[in-house]
Amino acid sequence: MAYQNLISEIKENILYITINREKALNALNKDTLTELADVIAFANKTEQVRGVILTGAGEKAFVAGADIKEFSGYNGEQGEDLAKRGQDLVFNAIENSSKPFIAAINGFALGGGLELAMACHMRIASDNAKLGLPEVTLGLIPGYGGTQRLTQLVGKGKAIEMITTATMVTASDAEKIGLVNDVVPQADLISKAEEILNVIKQRAPLAISAAIKSVIAAVNNGDGYLTEIKEFGKCFETADFKEGVTAFVEKRKANFTGK
Ligand code: HXC
């Protein structure tokens with residue numbers, strides 16, 4: 001896939017997406033969001049892709065936010081449209097993806113950049129990373145789901161503190177408050193994300209999707225227990241369930257096919 005603002009490649013069933021606007025600290029302009037929407041749809045429909053690692057180009061920034069330079073002249077309606085389109089096509093699309101997404105946060109994750117990382121299912125940060133939602137310094141608030149997902153991840157009090165003060169937290173503080181899963185030296189960032197996906201790759205793909213869907217339902221639509229019941233039931237209809245149980249009884253490693 002050839003993109004202007006992204007690098008994307010598949011290696012050993014992992015799709016690597018790198019936001020590639022290093023000079024603008026990988027800020028999300030409209031074209032980048034359009035390309036992200038496209039590559040997320042590709043990840044969903046491509047069987048070969050078992051997981052996704054999303055990162056930013058260079059060693060300074062994951063993503064420093066939405067592209068502020070595109071904002072000038074926007075009115076309320078355009079602002080609302082920007083947030084809605086972005087949420088629908090990119091941020092919610094990542095969260096609702098059937099494939100596990102890991103954000104590899106290699107530096108600044110600010111505003112829309114932190115919102116992008118929070119839309120992913122897991123976050124690994126390099127030890128130089130700084131994370132925050134500085135929108136109020138621009139007279140705005142987060143618009144790509146940040147008020148909701150930060151609250152889900154760190155709780156109401158800390159979320160309100162971070163959003164209203166616009167202060168950044170270090171990677172190690174982010175780990176302490178549950179905003180990132182793990183912190184590693186920058187050189188180990190991608191291999192740490194790969195380590196997690198390489199374990200997931202050994203599991204039954206449909207069960208992975210069902211598990212993610214059920215966990216997301218816990219925080220998003222209030223019917224998490226029902227979602228879990230339905231998804232649990234659906235797993236019994238899969239060939240991989242039969243294979244998993246047979247392999248256990250036969251004392252061998254399961255050979256899952258994603259069916
Ligand atoms: C556009 C950006 C950018 C952004 C950085 N750049 N962030 N361009 N949009 N969000 C550009 C700078 O203009 C500059 O290009 C280049 O990247 C390097 O940035 P510097 O500021 O020179 O680097 P530095 O001094 O090291 O400071 C790094 C930084 C700072 C602390 C990350 O760049 C910064 O505060 N950026 C903005 C962060 C932010 O407010 N994000 C939230 C955006 S609002 P030039 O060509 O000028 O040299 C948002 C809303 C989401 O995300 C919701 C929408 C619905």
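These legends accompany close-up views of a predicted model.

**View 1. Where domain 1 meets domain 2.** Here we look at domain 1 (6-200) and domain 2 (205-250) of the protein chain, whose centres, taken over C-alpha atoms, are 26 Å apart. Domain 1 brings 10 residues to the contact and domain 2 brings seven residues. About 670 Å² is buried between the two domains, with 62% of that area coming from carbon and sulfur atoms. On the domain 1 side, the touching residues comprise two nonpolar, five polar and three charged. Should you go looking for salt bridges between the domains, the count is zero, while four residue pairs are in polar contact.

**View 2. Helix α3, residues 112-119.** Eight of the eight residues in this helix are buried, so helix α3 is largely enclosed by the rest of the structure. Among them are Gly112, Leu114, Glu115 and Met118.

**View 3. Glu231 and its two lysine partners, Lys213 and Lys234.** Glu231 is buried, at 9% relative accessible area. Its salt bridge with Lys213 has the closest N and O atoms 3.3 Å apart, and this pair links helix α8 (residues 205-220) to helix α9 (residues 224-235), 18 residues apart. For the salt bridge with Lys234, the corresponding distance is 3.0 Å; Glu231 and Lys234 both sit in helix α9, three residues apart, about one turn of the helix. Lys213 is partly exposed at 46%, and Lys234 is partly exposed at 48%.

**View 4. The salt bridge of Arg252 and Glu250.** These side chains meet at 2.7 Å, N to O. Arg252 is partly exposed, with a relative accessible area of 35%, and Glu250 is partly exposed at 48%. Elsewhere, Asp182, Lys192 and Glu195 are joined into one network by salt bridges that share partners.

Definitions and conventions:
Residues are numbered from 1 along each chain as its sequence is written. This is a predicted model: local features need pLDDT of at least 70, side-chain atom pairs count only at pLDDT 80 or more; totals for chains, interfaces and linings use all residues. Side-chain values use heavy atoms; hydrogens and water are left out. Domain bounds come from an automatic or database domain assignment. Contact means heavy atoms within 4.5 Å. Buried area is the accessible area (1.4 Å probe) that two parts lose on being put together, summed over both. A salt bridge is a side-chain nitrogen of Lys or Arg within 4 Å of a carboxyl oxygen of Asp or Glu. A polar contact is a pair of N or O atoms within 3.5 Å; within protein, one must be able to donate a hydrogen and the other to accept it, and residues adjacent in sequence count only if both atoms are side-chain atoms. Ala, Val, Leu, Ile, Met, Phe, Trp, Tyr, Cys and Pro count as nonpolar, Asp, Glu, Lys and Arg as charged, and the others, Gly among them, as polar. Buried means under 20% relative accessible area, exposed over 50%, partly exposed in between (1.4 Å probe, protein chains only). Helices (H or I, at least four residues) and strands (E, at least two) are DSSP runs, numbered from the N terminus.
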